[in-house]
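Trainee: Please take me closely through one part of this model: how its interior is packed, and what sits around that packing.

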Amino acid sequence: HLSIRRQRQMCIRDRALRDPLTGLHNRRYLFEAGPGLLERVHRNQCIACVALLDLDHFKLLNDTYGHQAGDQVLRRFAALLRETLRKSDILCRYGGEEFVAVMPDIDSDHAHEVLARLLQALQQLPPEPGRRRVPNGSFSAGLAMFPRHGTTLEKLLLRCAVQMGARG
(Lines give C-alpha, C1' and ligand atoms only; values in the text may rest on other atoms or scores of the structure.)
Protein backbone atom coordinates (compact mmCIF):
# COMPACT_ATOMS: atom_id res chain seq x y z
CA HIS A 1 0.00 0.00 0.00
CA LEU A 2 2.89 2.31 0.72
CA SER A 3 4.22 2.10 -2.82
CA ILE A 4 0.79 2.84 -4.31
CA ARG A 5 0.48 5.90 -2.05
CA ARG A 6 3.99 7.02 -3.01
CA GLN A 7 3.19 6.58 -6.72
CA ARG A 8 0.03 8.65 -6.33
CA GLN A 9 1.94 11.39 -4.51
CA MET A 10 4.60 11.42 -7.24
CA CYS A 11 1.90 11.60 -9.92
CA ILE A 12 0.17 14.51 -8.15
CA ARG A 13 3.52 16.28 -7.71
CA ASP A 14 4.39 15.77 -11.38
CA ARG A 15 1.02 17.20 -12.43
CA ALA A 16 1.60 20.24 -10.21
CA LEU A 17 4.94 20.87 -11.92
CA ARG A 18 3.83 20.39 -15.54
CA ASP A 19 1.91 22.55 -17.94
CA PRO A 20 -1.11 20.45 -18.97
CA LEU A 21 -1.30 21.90 -22.49
CA THR A 22 2.31 21.44 -23.61
CA GLY A 23 3.55 18.71 -21.29
CA LEU A 24 6.60 20.83 -20.47
CA HIS A 25 7.49 21.71 -16.92
CA ASN A 26 5.92 24.91 -15.62
CA ARG A 27 7.18 28.08 -13.97
CA ARG A 28 6.92 26.52 -10.50
CA TYR A 29 9.23 23.68 -11.55
CA LEU A 30 11.67 26.18 -13.07
CA PHE A 31 12.07 27.95 -9.73
CA GLU A 32 12.34 24.64 -7.85
CA ALA A 33 14.87 22.94 -10.14
CA GLY A 34 16.68 25.90 -11.73
CA PRO A 35 18.61 27.12 -8.66
CA GLY A 36 19.90 23.59 -7.98
CA LEU A 37 21.07 23.24 -11.57
CA LEU A 38 22.85 26.60 -11.40
CA GLU A 39 24.45 25.57 -8.09
CA ARG A 40 25.82 22.38 -9.71
CA VAL A 41 27.10 24.41 -12.66
CA HIS A 42 28.82 26.82 -10.24
CA ARG A 43 30.30 23.98 -8.15
CA ASN A 44 31.72 22.36 -11.30
CA GLN A 45 33.07 25.76 -12.42
CA CYS A 46 31.13 25.56 -15.65
CA ILE A 47 28.90 27.94 -17.55
CA ALA A 48 25.24 27.84 -18.46
CA CYS A 49 22.90 29.79 -20.65
CA VAL A 50 19.34 30.83 -19.89
CA ALA A 51 17.04 31.61 -22.81
CA LEU A 52 13.66 33.31 -22.61
CA LEU A 53 11.60 32.64 -25.73
CA ASP A 54 8.44 34.53 -26.66
CA LEU A 55 6.28 33.48 -29.62
CA ASP A 56 5.83 36.51 -31.87
CA HIS A 57 2.35 37.92 -32.64
CA PHE A 58 0.66 35.23 -30.56
CA LYS A 59 -2.32 37.40 -29.57
CA LEU A 60 -2.95 38.17 -33.25
CA LEU A 61 -2.79 34.46 -34.07
CA ASN A 62 -5.32 33.70 -31.31
CA ASP A 63 -7.60 36.54 -32.43
CA THR A 64 -7.40 35.54 -36.11
CA TYR A 65 -7.50 31.74 -35.95
CA GLY A 66 -9.01 31.08 -32.50
CA HIS A 67 -7.72 29.67 -29.24
CA GLN A 68 -7.67 26.08 -30.52
CA ALA A 69 -5.18 27.15 -33.17
CA GLY A 70 -3.16 29.00 -30.51
CA ASP A 71 -3.09 25.85 -28.37
CA GLN A 72 -1.97 23.86 -31.41
CA VAL A 73 0.94 26.27 -31.97
CA LEU A 74 1.95 26.07 -28.29
CA ARG A 75 1.92 22.25 -28.33
CA ARG A 76 3.92 22.08 -31.56
CA PHE A 77 6.47 24.61 -30.30
CA ALA A 78 6.88 22.65 -27.05
CA ALA A 79 7.47 19.47 -29.07
CA LEU A 80 10.12 21.28 -31.14
CA LEU A 81 11.82 22.47 -27.96
CA ARG A 82 12.00 18.87 -26.70
CA GLU A 83 13.36 17.67 -30.05
CA THR A 84 15.92 20.48 -30.51
CA LEU A 85 17.31 20.95 -27.02
CA ARG A 86 19.13 18.40 -24.88
CA LYS A 87 17.61 16.14 -22.23
CA SER A 88 19.93 17.81 -19.68
CA ASP A 89 18.31 21.21 -20.34
CA ILE A 90 15.40 22.44 -18.24
CA LEU A 91 12.51 23.36 -20.54
CA CYS A 92 9.50 25.20 -19.13
CA ARG A 93 6.42 27.00 -20.24
CA TYR A 94 6.98 30.26 -18.37
CA GLY A 95 3.77 32.10 -19.20
CA GLY A 96 1.13 32.29 -21.93
CA GLU A 97 3.41 32.17 -24.97
CA GLU A 98 6.73 32.41 -23.13
CA PHE A 99 9.14 29.55 -22.61
CA VAL A 100 12.42 29.24 -20.71
CA ALA A 101 15.36 26.95 -21.35
CA VAL A 102 18.17 26.58 -18.82
CA MET A 103 21.08 25.00 -20.68
CA PRO A 104 24.12 23.87 -18.67
CA ASP A 105 27.57 23.56 -20.22
CA ILE A 106 26.89 25.68 -23.28
CA ASP A 107 28.42 28.98 -24.35
CA SER A 108 26.55 31.82 -26.01
CA ASP A 109 27.74 30.91 -29.53
CA HIS A 110 26.36 27.39 -29.21
CA ALA A 111 23.18 28.68 -27.55
CA HIS A 112 22.63 31.03 -30.52
CA GLU A 113 23.15 28.06 -32.88
CA VAL A 114 20.55 26.02 -30.97
CA LEU A 115 18.05 28.88 -31.13
CA ALA A 116 18.73 29.37 -34.85
CA ARG A 117 18.05 25.65 -35.45
CA LEU A 118 14.89 25.91 -33.37
CA LEU A 119 13.67 28.92 -35.37
CA GLN A 120 14.42 27.18 -38.67
CA ALA A 121 12.59 24.03 -37.52
CA LEU A 122 9.60 26.12 -36.42
CA GLN A 123 9.39 27.92 -39.74
CA GLN A 124 9.67 24.65 -41.70
CA LEU A 125 7.05 22.69 -39.78
CA PRO A 126 4.68 20.98 -42.20
CA PRO A 127 0.96 21.51 -41.62
CA GLU A 128 -0.68 19.00 -39.33
CA PRO A 129 -2.78 16.51 -41.32
CA GLY A 130 -6.50 17.14 -40.95
CA ARG A 131 -5.97 20.47 -39.20
CA ARG A 132 -6.63 24.00 -40.34
CA ARG A 133 -3.48 25.60 -41.76
CA VAL A 134 -2.00 27.95 -39.17
CA PRO A 135 1.13 30.04 -39.78
CA ASN A 136 4.18 28.57 -38.04
CA GLY A 137 5.36 31.96 -36.86
CA SER A 138 8.58 32.90 -35.15
CA PHE A 139 9.87 33.80 -31.72
CA SER A 140 11.96 36.44 -30.02
CA ALA A 141 14.65 35.35 -27.57
CA GLY A 142 16.80 36.83 -24.87
CA LEU A 143 19.94 35.03 -23.71
CA ALA A 144 21.89 35.38 -20.48
CA MET A 145 25.07 33.61 -19.45
CA PHE A 146 25.74 32.22 -15.98
CA PRO A 147 27.77 33.49 -14.17
CA ARG A 148 28.71 36.47 -16.41
CA HIS A 149 25.25 38.07 -16.49
CA GLY A 150 24.06 36.94 -13.07
CA THR A 151 24.26 34.17 -10.51
CA THR A 152 20.55 33.74 -9.79
CA LEU A 153 17.76 32.58 -12.03
CA GLU A 154 15.87 35.82 -11.36
CA LYS A 155 18.79 38.00 -12.48
CA LEU A 156 19.38 35.89 -15.57
CA LEU A 157 15.71 36.02 -16.57
CA LEU A 158 15.63 39.78 -16.01
CA ARG A 159 18.67 40.13 -18.28
CA CYS A 160 16.86 38.05 -20.94
CA ALA A 161 13.72 40.19 -20.66
CA VAL A 162 15.67 43.46 -20.85
CA GLN A 163 17.54 42.13 -23.90
CA MET A 164 14.25 41.26 -25.59
CA GLY A 165 12.77 44.66 -24.72
CA ALA A 166 15.76 46.45 -26.24
CA ARG A 167 14.99 44.77 -29.58
CA GLY A 168 11.33 45.74 -29.60
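Mentor: What follows starts with the packing inside and then works outward.

This is a predicted model, where local features need pLDDT of at least 70, side-chain atom pairs count only at pLDDT 80 or more, and totals for chains, interfaces and linings use all residues. Residues are numbered from 1 along each chain as its sequence is written, and side-chain values use heavy atoms, with hydrogens and water left out.

Start with the largest nonpolar core. A nonpolar core is a set of buried Ala, Val, Leu, Ile, Met, Phe, Trp, Tyr and Cys residues joined through side-chain atoms within 4.5 Å. Buried means under 20% relative accessible area, exposed means over 50%, and partly exposed lies in between (1.4 Å probe, protein chains only). The largest core has 31 residues. L53, F77 and L81 touch the most other members. Which elements give two or more residues to this core? They are β2 (48–55), α3 (58–65), α4 (67–84), β4 (98–104), α5 (108–123) and β5 (139–146). These labels follow DSSP runs, numbered from the N terminus: helices are H or I with at least four residues, strands are E with at least two. Helix α4 gives the largest share, 7 residues.

Now zoom in on L53. Contact means heavy atoms within 4.5 Å. Set aside residues up to four places away in sequence. L53 then touches F77 and L81. The list also holds E97, E98, F99, L115, L118, F139, S140 and A141. Apart from this core lies another, of 20 residues. V50, L153, L157 and C160 are among its members.

Next, look at how two of the contributing helices meet. Two packed helices are described by the angle between their axes and the distance between the axes. Axes are lines fitted to C-alpha atoms, for helices over the stretch in contact, and angles run from 0 to 180 degrees between N-to-C directions. The axes of α3 and α4 come within 6 Å and cross at roughly 135°. That makes α3 oblique to α4. Angles under 35 degrees count as roughly parallel, over 145 as roughly antiparallel, 65 to 115 as roughly perpendicular, and the rest as oblique. On the α3 side, F58, L61, N62 and Y65 make the contact. On the α4 side, H67, A69, G70, V73 and L74 do.

Pick A69 out of that list. A69 sits in helix α4. A69 is buried, at 6% relative accessible area. Beyond its neighbours within four places in sequence, A69 is in contact with L61 and V134. A69 and V134 are 65 residues apart in sequence, yet their C-alpha atoms are 6.8 Å apart in space.

Helix α3 also carries charge. K59 forms a salt bridge with D63, with 2.8 Å between the closest N and O atoms. A salt bridge is a side-chain nitrogen of Lys or Arg within 4 Å of a carboxyl oxygen of Asp or Glu. K59 and D63 are 4 residues apart in helix α3, so about one helical turn separates them. K59 and D63 are both exposed. The structure holds 5 salt bridges. Another one joins R86 and D89, at 2.7 Å between the closest N and O atoms. Is each partner buried, exposed or partly exposed? R86 is partly exposed, at 33%. D89 counts as buried, at 8%.

The loop just before α3 deserves a look. H57 lies in the loop between β2 and α3. H57 is exposed, at 63%. H57 has a positive phi of about 55° although it is not a glycine. Most residues other than glycine have a negative phi, and most peptide bonds are trans.

That last point leads to the far end of β5. A cis peptide bond joins F146 and P147, with omega about 5°. P147 sits in the loop between β5 and α6 (153–167). P147 is partly exposed, at 39%. Leaving aside neighbours within four places in sequence, P147 is in contact with C46 and I47.

Finally, the cysteines. A disulfide is a pair of cysteine sulfur atoms within 2.5 Å. By this rule the count is 0. C46 is in no disulfide, as the nearest cysteine sulfur, that of C49, is 14 Å away. C46 is partly exposed, at 27%. C92 counts as buried, at 0%. Why is the sulfur of C92 not bonded to the closest cysteine sulfur? Because that sulfur, in C160, is 13 Å away, too far for a bond.
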